[in-house]
Amino acid sequence: QVQLVESGGGLVQAGGSLRLSCAASGSIVKVDTMAWYRQAPGKQRDLVAGITSEGRPVYVDSVKGRSAISRDNARNTMYLQMNSLKPEGTAVYYCSADVVGYGLGTVDYWGQGTQVTVSS
């Protein structure tokens with residue numbers, strides 16, 4: 001079994017910064033692509049940024065230039081540094097990871113989410 005645990009969310013004023021973390025633990029052989037998604041109230045869950053196991057990042061246009069995704073493969077942990085936050089960034093942020101487990105192949109796991117609230 002594999003667990004993803006997010007942390008680092010909270011309340012911040014517009015223009016402020018937050019750093020989210022997502023740690024994977026359990027029966028892990030390798031963690032492939034990891035990604036951050038967010039879901040605002042009444043809206044669908046959307047991709048924010050992703051990163052391959054080799055460290056290649058991808059961002060959606062709305063956060064490009066204001067966010068930085070990174071990972072520590074030794075700790076199976078991913079980070080999202082978010083700067084110049086805007087009120088429209090208020091959402092529950094979820095982490096996702098493609099994990100190769102023992103005898104299971106590759107499975108997509110999700111964390112429980114962490115709330116980010118940006119006040120104007």
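# Notebook: strand 4, strand 9 and their surroundings

I began with strand 4 and strand 9 (residues 91-101), which run antiparallel and are joined by nine bridges. I note here that the model is predicted. For the register I looked up two pairs. Gln39 has Val92 as its bridge partner in strand 9, and Lys30 has Val100.

**Strand 4 and strand 5**

I then followed strand 4 to its pairing with strand 5 (residues 45-51), which is antiparallel and has six bridges. Met34 is bridged to Ile51 of strand 5. The two strands make a hairpin with five residues between them. In that turn I checked Gly42 and found a positive phi of about 75°.

**Arg38**

Arg38 lies in strand 4, which covers residues 28-39. I wanted to know which side chain of opposite charge is nearest to Arg38. Asp46 is the nearest, at 6.4 Å, and Arg38 has no salt bridge although it is buried. A salt bridge would need a side-chain nitrogen of Lys or Arg within 4 Å of a carboxyl oxygen of Asp or Glu. I did find a polar contact between the side chains of Arg38 and Tyr93, at 3.0 Å. I also listed the contacts of Arg38, leaving out neighbours within four places in sequence. Among them are Gln44, Arg45, Asp46 and Val48, then Ser62 and Val63, and also Gly89, Ala91, Val92 and Tyr93.

**Strand 9 and its other partners**

Next I looked at how covered strand 9 is. Eight of its 11 residues are buried, so I entered the strand as mostly covered. Strand 9 pairs with strand 10 (residues 105-110) in the antiparallel sense over six bridges. Val100, which I had already noted opposite Lys30, has Thr106 as its bridge partner in strand 10. Strand 9 and strand 10 form a hairpin with three residues between them. Gly103 in this turn has a positive phi of about 75°.

Strand 9 is also joined to strand 11 (residues 114-119) by three bridges, again antiparallel. Here the bridge partner of Tyr93 is Thr114. Tyr93 is thus entered twice, the other entry being its side-chain polar contact with Arg38.

I looked up Gly101, which is in strand 9. Is Gly101 buried or exposed? Its relative accessibility is 8%, so it counts as buried. Not counting residues up to four places away in sequence, Gly101 touches Ser27 and Val29. I also took the C-alpha to C-alpha distance from Gly101 to Val2, which is 8.1 Å, with their positions 99 residues apart in sequence numbering.

**The sheet 1-3-8-7**

I turned to an open sheet of four strands, in the order 1-3-8-7 with antiparallel pairing. Strand 1 (2-7) and strand 7 (67-72) stand at its edges; each has a single partner strand, so one side of each is left without a neighbour in the sheet. On average, neighbouring strands of this sheet are turned by 15° against each other, direction ignored. Within it, strand 7 and strand 8 (residues 77-82) pair over six antiparallel bridges. I noted Ser70 with Tyr79 as its bridge partner in strand 8.

**Positive phi outside glycine**

Last, I checked two loop residues. Asn76 sits in the loop between strand 7 and strand 8. Its phi is positive, about 50°, although Asn76 is not a glycine. Ser84 is in the loop between strand 8 and strand 9, and its phi is also positive, near 50°. At 39% relative accessibility, I entered Ser84 as partly exposed.

How values were computed
Residues numbered from 1 in each chain as written. Predicted model: local features only at pLDDT ≥ 70, side-chain atom pairs only at ≥ 80, totals over all residues. Heavy atoms only, no water. Buried < 20%, exposed > 50% of the residue type's maximum accessible area, 1.4 Å probe, protein only. Lys, Arg positive; Asp, Glu negative; His and termini not counted. Polar contact = N/O pair within 3.5 Å; in protein donor to acceptor, adjacent residues only side chain to side chain. Contact = heavy atoms within 4.5 Å. Pairing = 2+ DSSP bridges. Axes fitted to C-alpha atoms, helices over the stretch in contact; angles between N-to-C directions.
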